[in-house]
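Let's work through some short exercises together. Open the structure, take your time, and try each task before reading its solution.

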Amino acid sequence: MVLLSKPSSEQYTYVRNNMQATTFSSSIPLVDLSKPDAKSLIVKACEDFGFFKVINHGIPMEAISQLESEAFKFFSLPLTEKEKAGPANPFGYGNKRIGPNGDVGWVEYLLLNTNQEHNFSLHGKDIDKFRCLLNDYKCAMRNMACEILDLMAEGLKIQPKNVFSKLVMDKQSDSAFRVNHYPACPELAINGENLIGFGEHTDPQIISLLRSNNTSGFQISLRDGSWISVPPDHRSFFINVGDSLQVMTNGRFKSVRHRVLANGINPRLSMIYFGGPPLSEKIAPLPSLMKGNESLYKEFTWFEYKNSTYGTRLADNRLGNYERIAAS
Ligand SMILES: C=C1C[C@]23C[C@H]1CC[C@H]2[C@@]12CCC[C@@](C)(C(=O)O1)[C@H]2[C@@H]3C(=O)O
Ligand SMILES: O=C(O)CCC(=O)C(=O)O
Ligand SMILES: [Fe+2]
């Protein structure tokens, strides 16, 4: 499959193999959404990792598989066809380049705004089916994001329980959806180095819901800066705490640094829903979580934060600019 230009070390980023990361971690928090202890497990996972895996999520495997197969069909189109849905500035089809500031990865993707019907200028029966499945899936993702956000509020014992979810439920919610395709990269299997598929970063929004096929490559960073590989599981969802939720909890929940390494044998296909607030929303710690403490962050709206993220590189610590340095 020749979709992307061949990797060469000048163009792409490589990371050295690291034994801890290459052995799959069994310590990823697991939350069964059908169990009563879900809310307390979620809070603990968001504090310790900013990340957890969800089972019994209620999204039928059939709906997921259908969308996945249409996505694979889309990515198997000739490049000239796919490019009709691009360039991704920021929404549309993108290939290799991520964001506007020089980041590249072994990836092609569709980045979509959830408030618009997908009017990529492509036509045909398959594309119409893809578009339709995307719209249904986005609705299912919004509902699941809100269910999880309600459990977070309940677990944190804050009222009303929709303090977080109302932002994503809002008609004006600025959420996004991305389908990433990482072609298998055989060159990488030969030299044993790890080619970066999607470079390390935190997601700026409130919460991200990730689902992928059974191909490995996704890694998260622990508090000590080490990387662990997340065993893929095509039946489950993986939840990331975003920067905005870190701020709303005044740092109690941590947004998780994550990245994807290209795979030498199998292509990876992932679909990510990024739940964001309305553009005009002030992102600030909830008073009920401050308990007399001061906010760790300067005030900003989602519009301001989102704009500033587009001036950064993928790996930058974007929240750093908004941290309030305690006067000593
Ligand atoms: C270098 C980039 C690329 C950004 C913006 C900026 C920093 C963070 C990246 C992401 C990461 C999470 C999804 C996304 C859609 C988002 O909101 O922030 C990405 C966006 C893009 O791929 O366009
Ligand atoms: O493709 C993946 O598995 C993760 C990509 C990612 O982190 C992102 O698109 O924000
Ligand atoms: Fe991400």
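A pocket here is an open set of grid points with protein on both sides within 12 Å along at least five of seven lines. The model you are looking at is predicted.

**Exercise 1.** Find the space that ligand 1 takes and describe its surroundings.

*Solution.* Start with the space itself: ligand 1 occupies the largest pocket. Next, look around the ligand, where 15 residues surround it, with Arg178, Pro204, Gln205, Tyr310 and Arg318 the closest. Then sort that shell by class: six residues are nonpolar, five polar and four charged.

**Exercise 2.** Which side chains place a polar atom 2.9 Å from an oxygen atom of ligand 1?

*Solution.* Arg178 does so, and so does Gln205. Now add Tyr310, whose side chain has an N or O atom 3.1 Å from an oxygen atom of ligand 1. Finish with the cover: on its own, ligand 1 has 450 Å² of accessible area, and the protein covers 96% of it.

**Exercise 3.** Turn to ligand 2 and work out which strand gives the largest share of its shell.

*Solution.* First, place the ligand: ligand 2 sits in the largest cavity. Second, list the strands that each supply at least two shell residues, namely strand 6 (176–182), strand 7 (194–201), strand 12 (258–261) and strand 13 (268–275). Third, pick out strand 13, which gives the largest share with four residues.

**Exercise 4.** How far is a polar side-chain atom of Arg268 from an oxygen atom of ligand 2?

*Solution.* The distance is 2.6 Å. For Asn180, a polar side-chain atom lies 2.9 Å from an oxygen atom of ligand 2. To close, the protein covers 98% of the 290 Å² of accessible area that ligand 2 has on its own.

Conventions: Residues numbered from 1 in each chain as written. Chains lettered and ligands numbered in written order. Predicted model: local features only at pLDDT ≥ 70, side-chain atom pairs only at ≥ 80, totals over all residues. Heavy atoms only, no water. Near = heavy atom within 4 Å. Polar contact = N/O pair within 3.5 Å; in protein donor to acceptor, adjacent residues only side chain to side chain. Areas by Shrake-Rupley, 256 points an atom, 1.4 Å probe, with all protein chains shown as cover. 1 Å grid on protein atoms, 1.4 Å probe; cavity = no way out; pocket = protein on both sides within 12 Å on 5 of 7 lines; lining within 4 Å. Sits in = over half its atoms within 2 Å of the grid points. Nonpolar A, V, L, I, M, F, W, Y, C, P; charged D, E, K, R; others polar.
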